[in-house]
Structures are given as structure tokens and as C-alpha cells.
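Me: I would like a close look at the pockets of this protein, with enough of the surrounding fold to place them. Please keep the account plain.

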Amino acid sequence: MKPPILEARELSVGYGAVRALERVSIDLHAGSVTCVMGENGAGKSTLIRVLSGVIQPTAGQLLLDGGAVRFADPRAARKAGVVTVYQDLALVPLLSVWRNFVLGAEPLRGRWLQRLDVAAARAAAEAQLAHFEIRVDVNRPVARLSGGERQAVAIARAVHTGARVLILDEPTAALAVAQADRVLTTIAAVRDRGVAVLLVTHNPQHAVRAADRLVVLKHGRLAAEMGAASIGINELTELMSQ
């Protein structure tokens, strides 16, 4: 296996006497999905915040391509190719799919008076969505998409912006079966494109289906780590609830 793109080594985060994370280590490899699971308060959200530059660890370090790195903020993480898609998706409901797709990185045309290159923006959105077999009308407002379609668009947009490491926070939460299936299919396509994926979910069935490796957190500590093929759904459910 190739060296990991992003490594977390013995990360700890404390808030006074409360230890949100305690010496947690995790490796994220290109073309692999690592699923982080745990009950509420296990430390999943804190881990995401550290990896994405929202907060700084009390102890431990991050390594990017083998070199120590510190993300001062989420913008620095994104610049390094570490992109997080939260549950709110950061999509603007009243804007079209293609407009959301290039928001903040709009292609421009014109030498003296630059303006948005609408054709290029639409083409970029269509090409990326087609690559992941996401069949939505790019001219349609995001508000008119299903929950699964919105998640898929947000994931494809993250890859379009240059994500080498993609962190997904509960992407299938509150989705119907068919919509969740669409999101899991998109995650598999992202993995096959060589992106390192960190998937946070409460759903053991989705975890076993999507992940290559499973990590279970309990009370801020690493409780278990294993290959997804080595454990069944019932065993994983029992492990999480112990």
C-alpha cells in the first residue's frame, strides 16, 4: 500500500477537564475509504474539526505526504487538498446546480472587462457530474433536488475543487434508501478516482458497504480498527454499543 496522504498521530483535544480526543491516530490512503463510527460524544466531530483546520489539537500532529503540517484554518486545509463536506452541504438553494458548482472559483472571460464564463461553468459542472454518473439538470435550482442528489452534487463539487482527501460528515443521515444508495455509489466512484475518503456515519450497514477500513471511537479514544471485510454488520453494531 502507498504511504498515506494524510496522517493523524496521537491527536488529543482537551477542553479543561474534558478530553474530547485522547491520542487518536488514523491514516488516510489514496483510493481508500476509512469509516469513523461511534456514538454521540465519541469524538467524531472533534476529529473532523482537527483534520479540516477548524480547531488545533492540544497534542499530536498531522502529516501531509509524510511531512508535518498545521492547518491554521479550513481555507488552508482546502488549499492543501483536504476538503470537508458537512451535513449542511454549503449549497445555496436558490442558485442553479452549475452556479453552486463554481461558487468561489468562477471561470472568467474577457481581457479588460472580465465576466463570468457561463458556458465554461456549465460545461465544468456537466463534465464532473457525468463522470460520477450523477444525472441532474445543471440549470435546476438546488432547492428542487432530492437530499441524495444534493449530497452527490456537493461531493462532486469537492472533487472538482481539487480534493485529495475528502471528509464526509454523515452524508446519508435522514436519507431514504434509494437516496442513500445514490450517495454511497458516488463515494465509491470518488474512491476509485484515487481520493482518500474519511466517512463518518452512524449506520453500520452503510459503513460495511462503503468502507475499506473501519475505525470505532469511544469517549474520545480509538476503541477498534479493522478491515471492513473482517466484520459483519451485527458484530459492528454490538461493538459500537458496548
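What percentage of the 242 residues in the protein is buried?

Reply: The model is a predicted one, and in it buried residues account for 47% of the 242 residues. The radius of gyration is 18 Å, which agrees with the value near 18 Å that a compact globule of 242 residues would have. Along the principal axes, the C-alpha trace extends over about 55 × 40 × 35 Å. Secondary structure consists of eight helices and 12 strands. If contacts are taken between residues at least 6 apart in sequence, 66% of them join residues at least 24 apart.

Now to the pockets. The largest pocket holds about 580 Å³ of space. Its lining is made of 23 residues, and those closest to the centre are R78, V83, T84, R157 and T161. Three elements, helix 2 (74-79), strand 6 (82-85) and helix 5 (147-160), each contribute at least two residues to this lining. By class, the lining of the largest pocket comprises 15 nonpolar, five polar and three charged residues.

The second largest pocket has a volume of about 170 Å³. Here 14 residues form the lining, with G41, G43, K44, S45 and T46 closest to the centre. Helix 1, which covers residues 44-51, gives the most to this lining, namely four residues. The class make-up of the second lining is four nonpolar, seven polar and three charged residues. Set side by side, the nonpolar count is 15 in the lining of the largest pocket and four in that of the second largest, while the polar counts are five and seven respectively. Each lining has three charged residues.

For the surrounding fold, the strands at the start of the numbering can be described in some detail. Strand 1 (residues 6-15) pairs with strand 2 (residues 18-28) in the antiparallel sense, over seven bridges. Y15 stands opposite V18 of strand 2. Two residues lie between the strands of this hairpin, and G16 has a positive phi near 65° there. Strand 1 also pairs with strand 4 (residues 59-64), again in the antiparallel sense, over five bridges. In that pairing S12 has A59 of strand 4 as its bridge partner. Strand 1 is thus paired with both strand 2 and strand 4. As a general point, side chains in a regular strand alternate between the two faces of the sheet.

Key. Residues numbered from 1 in each chain as written. Predicted model: local features only at pLDDT ≥ 70, side-chain atom pairs only at ≥ 80, totals over all residues. Heavy atoms only, no water. 1 Å grid on protein atoms, 1.4 Å probe; cavity = no way out; pocket = protein on both sides within 12 Å on 5 of 7 lines; lining within 4 Å. Points joined across faces, edges and corners; volume = space filled by probe spheres on them. Nonpolar A, V, L, I, M, F, W, Y, C, P; charged D, E, K, R; others polar. Pairing = 2+ DSSP bridges. Rg over C-alpha atoms; globule rule 2.2 N^0.38 Å. Buried < 20%, exposed > 50% of the residue type's maximum accessible area, 1.4 Å probe, protein only. Contact = heavy atoms within 4.5 Å.
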